[in-house]
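Me: Could you take a close look at the strand pairing here and talk me through it? I would like one connected account that I can follow while turning the model.

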Amino acid sequence: MENNLNKNPSAEQQFAVAESYKTIRTNLQFMLAQTPGCKIVTISSPKAGDGKTTNAINVAIAFSQLGKKVLLIDADLRRSSVCKKLKLENNAGLSGVLAGFAAADEVIISVSHSFDVMPAGTTPPNPSEMLASTAMEKLLDSLRMVYDYIILDTPPVGVVSDPLVIAPKTDGIVVILKQGVTRHDDVTKVLDNLELTGIRILGVVLNCTDTPEKYYEYKHSDR
Ligand SMILES: Nc1ncnc2c1ncn2[C@@H]1O[C@H](COP(=O)(O)OP(=O)(O)OP(=O)(O)O)[C@@H](O)[C@H]1O
Ligand SMILES: [Mg+2]
């Protein structure tokens with residue numbers, strides 16, 4: 001498998017990557033537009049390292065490039081990496097807000113006029129319980145009033161239950177699959193679990209495809 005996010009991509013590769021994220025954004029816009037008011041998207045994948053955070057960041061940026069007000073929430077309270085990837089300082093973050101140590105507007109970092117980030121904060125002893133709490137529901141309800149789109153980066157759904165507890169509080173999930181790595185039975189298991197909890201599957205992204213013009217493929221799942 002070719003690594004398409006190499007350190008020194010050619011202009012052609014950079015263009016292909018940017019175009020792929022725009023395609024994901026457009027497909028998501030169509031899916032969300034089917035139901036008025038839908039704007040909160042969970043990103044997850046079967047296993048660690050499938051490219052959840054990379055996709056969450058780039059999809060959030062792609063939405064913000066439309067001039068929409070976008071918030072990226074690092075809801076991976078176990079192994080957060082949004083701040084590291086964006087070179088931002090982790091603060092009290094989502095876990096601090098849910099614990100009542102800080103207010104949302106105290107932890108949200110403005111990256112650009114249309115792109116904000118809520119860091120994960122300190123790893124709590126009980127991530128699943130925190131994400132399942134009514135405090136999380138209330139937080140999303142209040143943020144829904146402020147932002148056009150909210151993207152949540154989460155841990156792997158095939159490994160921990162966090163995405164299964166948080167995704168029902170959002171408007172749907174995008175599942176990232178890694179070409180050459182994700183196994184068919186992992187996909188079946190994840191989709192079955194999502195169906196059981198009634199989470200709306202907004203689409204599936206095939207990450208790390210080896211076709212240069214198709215770095216990321218987006219497919220809508222009718223399951
Ligand atoms: N399309 C891609 N091409 C090449 N490398 C990629 C691609 N997508 C992600 N990566 C790289 O793979 C690694 C894992 O990506 P990322 O951190 O986004 O995965 P993750 O699913 O969020 O992992 P975790 O489960 O640990 O949170 C990173 O080094 C990232 O730069
Ligand atoms: Mg991640």
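**Strand pairing and its surroundings**

Reply: Let's begin with T42, whose bridge partner in β6 is I173. Before going further, please keep in mind that this is a predicted model, in which local features need pLDDT of at least 70 and side-chain atom pairs count only at pLDDT 80 or more, while totals for chains, interfaces and linings use all residues. Residues are numbered from 1 along each chain as its sequence is written, and chains are lettered from A and ligands numbered from 1 in the order in which they are written.

The protein chain has 9 helices and 8 strands; these are DSSP runs numbered from the N terminus, H or I of at least four residues for helices and E of at least two for strands. Strands count as paired if DSSP finds at least two bridges between them.

T42 belongs to strand β1 (residues 40-44), where 5 of 5 residues are buried. Buried means that 20 or more other C-beta atoms lie within 10 Å of the residue's own, against 12 or fewer for exposed and anything in between for partly exposed, with C-beta atoms placed from the backbone. I40, T42 and S44 face one side of β1 and V41 and I43 the other, and both faces are covered.

β1 has two parallel pairings to look at. With strand β6 (residues 173-178) it shares 3 bridges, and S44 stands opposite V175 there. With strand β5 (residues 149-153) β1 shares 4 bridges, and the partner of T42 in β5 is L152.

Moving on to β6, 6 of its 6 residues are buried. I173, V175 and L177 lie on one side of β6, with V174, I176 and K178 on the other. β6 also pairs in the parallel sense with strand β7 (residues 201-207), over 6 bridges, and I176 stands opposite V205 in β7.

Elsewhere, strand β2 (residues 70-74) runs parallel to β4 and is joined to it by 4 bridges, with I73 opposite M118. β4 (residues 115-118) sends F115 and V117 one way and D116 and M118 the other, all of them buried. The antiparallel case is strand β3 (residues 109-112) with β4, over 3 bridges. S112 has F115 as its bridge partner in β4, and a hairpin of 2 residues joins β3 to β4.

How do these strands meet the core? The largest nonpolar core has 52 residues, and A60, V70, L72 and I151 touch the most other members. Such a core is a set of buried Ala, Val, Leu, Ile, Met, Phe, Trp, Tyr and Cys residues joined through C-beta atoms within 7 Å. Helix α2 (residues 52-64) gives this core its largest share, 7 residues. Leaving out residues up to four places away in sequence, L72 touches A56, I57, A60, V82, V117, I151 and D153; contact means C-beta atoms, placed from the backbone, within 7 Å.

Finally, α2 meets helix α1 (residues 11-33): their axes come within 9 Å and cross at roughly 75°. The two helices are therefore roughly perpendicular, a label for angles of 65 to 115 degrees, where under 35 is roughly parallel, over 145 roughly antiparallel and the rest oblique. Axes are lines fitted to C-alpha atoms, for helices over the stretch in contact, with angles from 0 to 180 degrees between N-to-C directions. Y21, K22, I24 and R25 of α1 meet N58, V59, A62 and F63 of α2.

Notes. Two residues are in contact if their C-beta atoms, placed from the backbone, lie within 7 Å.
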